[in-house]
Amino acid sequence: MNYQVLLPLIKRLEENNIPYALGGSGLLHYLGLIDVVNDWDIVVECPKHLLFSIINEYDFTEQESGDYPFASQYRISIESLKIDFIGYFALYSDDTIINLPVHSMGKWDIINVSSPELWYVAYYLMNRKSKANIILKYLNSSKEKLNINLIEELIKIHGLNEDIKRELNLLIG
């Protein structure tokens with residue numbers, strides 16, 4: 001899948017000053033960890049009605065934001081482009097909701113790309129251990145690129161699983 005399908009929507013998000021970042025398999029592809037992207041996950045922090053006004057030219061549907069462990073406020077899909085917008089990204093850790101902020105590690109063309117540290121936590125909480133492990137291996141082999149401040153913020157999140165905190169602490173030694 002070609003990331004350029006995202007560009008018109010990214011421009012609209014930026015014109016409206018909406019915090020966003022590309023995550024999921026798009027992030028893994030950007031990092032060179034996978035070859036194929038099945039869909040594009042874009043996390044956003046804006047009211048749903050504002051996102052609706054930005055994507056109103058597209059045929060979109062509101063999806064269930066998911067069963068446990070998913071706790072985001074909303075999920076909007078543009079099926080024709082295989083894009084999912086995830087509003088106020090959040091997941092459960094046991095019985096606590098963990099709000100994961102939009103945090104960008106950099107740009108891919110004009111697209112804000114989410115931090116792998118954040119998606120390590122997300123994939124772990126989603127019980128997608130193989131993807132979490134791929135990112136953890138990347139983080140361990142790219143220590144010079146680690147966002148220490150973000151890792152320290154993640155470790156401080158109340159209710160975050162102790163196994164995740166232990167792995168994050170090992171990253172920063």
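**Notes on the helices, strands and pocket**

1. Let's start with Y88: its relative accessibility is 27%, so it counts as partly exposed, given that buried means under 20% and exposed over 50%. Keep in mind that this is a predicted model. Y88 sits in the loop between β5 and β6 (90-93). Its backbone deserves a look too, since Y88 has a positive phi of about 50° although it is not a glycine.

2. D94 makes a good companion to Y88. It is found in the loop between β6 and β7, and it has a positive phi of about 60° despite not being a glycine. How accessible is D94? At 56% relative accessibility, D94 counts as exposed. For context, most residues other than glycine have a negative phi, and most peptide bonds are trans.

3. On that last point, check the peptide bond between Y68 and P69: it is cis, with omega at about 20°. P69 lies in the loop between β3 (61-63) and β4 (74-78).

4. Now for strand β7 (residues 96-99), where I98 is found. I98 has a relative accessible area of 0%, so it is buried. Leaving out residues up to four places away in sequence, it touches F89, A90, L91, S93, L125, I157, H158, G159 and L160. I98 and F70 are 28 residues apart in sequence, with their C-alpha atoms 9.7 Å apart in space.

5. S114 belongs to strand β9 (residues 111-114). With a relative accessible area of 1%, S114 is buried. What does its side chain reach? One partner is the backbone oxygen of H103, at 3.5 Å. Another is W119: a polar contact of 3.0 Å joins the two side chains. Setting aside neighbours within four places in sequence, the contacts of S114 include A21, L22, G23 and L27, as well as S104 and M105.

6. Helix α6 (residues 148-155) has L150, I151, L154 and I155 as its buried residues. Why do they end up on the same side of α6? They cover an arc of only 140° around the axis, and that puts them there. The general rule behind this kind of pattern is that an α-helix has 3.6 residues a turn, so residues three or four places apart point the same way. What covers the buried residues of α6 includes α4 (116-125) and α7 (162-172). At the N-terminal end, N147 caps α6, with a side-chain oxygen 3.3 Å from the backbone nitrogen of N149.

7. L150, in helix α6, is worth picking out. Its relative accessibility is 2%, so it counts as buried. Not counting residues up to four places away in sequence, L150 touches H103, S115, E117 and L118. H103 is thus a name to remember, as S114 is in contact with it too. L150 and C46, by contrast, are 104 residues apart in sequence and 21 Å apart in space, C-alpha to C-alpha.

8. In α7, the buried residues are I164, K165, L168 and L171. Seen down the axis, they fall within an arc of 115°, so they line one face of the helix. The face turned away from that buried side carries the exposed residues E162 and L170. Which helices help cover the buried residues of α7? The cover includes α4, α5 (129-141) and α6.

9. Both ends of α7 have something to show. N161, in the loop between α6 and α7, caps the N-terminal end: a side-chain oxygen lies 2.6 Å from the backbone nitrogen of D163. Apart from neighbours within four places in sequence, N161 is in contact with S93 and Y124. Just after α7, G173 takes a positive phi of about 60°.

10. Finally, the largest pocket has a volume of about 350 Å³. The elements giving two or more residues to its lining are α2 (24-30), β5 (83-87) and α4. Its lining consists of 19 residues, and D41, F70, I86, M126 and R128 lie nearest the centre. How does the lining divide by residue class? There are 7 nonpolar, 6 polar and 6 charged residues.

How values were computed: Residues numbered from 1 in each chain as written. Predicted model: local features only at pLDDT ≥ 70, side-chain atom pairs only at ≥ 80, totals over all residues. Heavy atoms only, no water. Buried < 20%, exposed > 50% of the residue type's maximum accessible area, 1.4 Å probe, protein only. Helix = DSSP H or I, 4+ residues; strand = E, 2+ residues; numbered from the N terminus. Arc of directions from axis to C-beta. Contact = heavy atoms within 4.5 Å. Polar contact = N/O pair within 3.5 Å; in protein donor to acceptor, adjacent residues only side chain to side chain. 1 Å grid on protein atoms, 1.4 Å probe; cavity = no way out; pocket = protein on both sides within 12 Å on 5 of 7 lines; lining within 4 Å. Points joined across faces, edges and corners; volume = space filled by probe spheres on them. Nonpolar A, V, L, I, M, F, W, Y, C, P; charged D, E, K, R; others polar.
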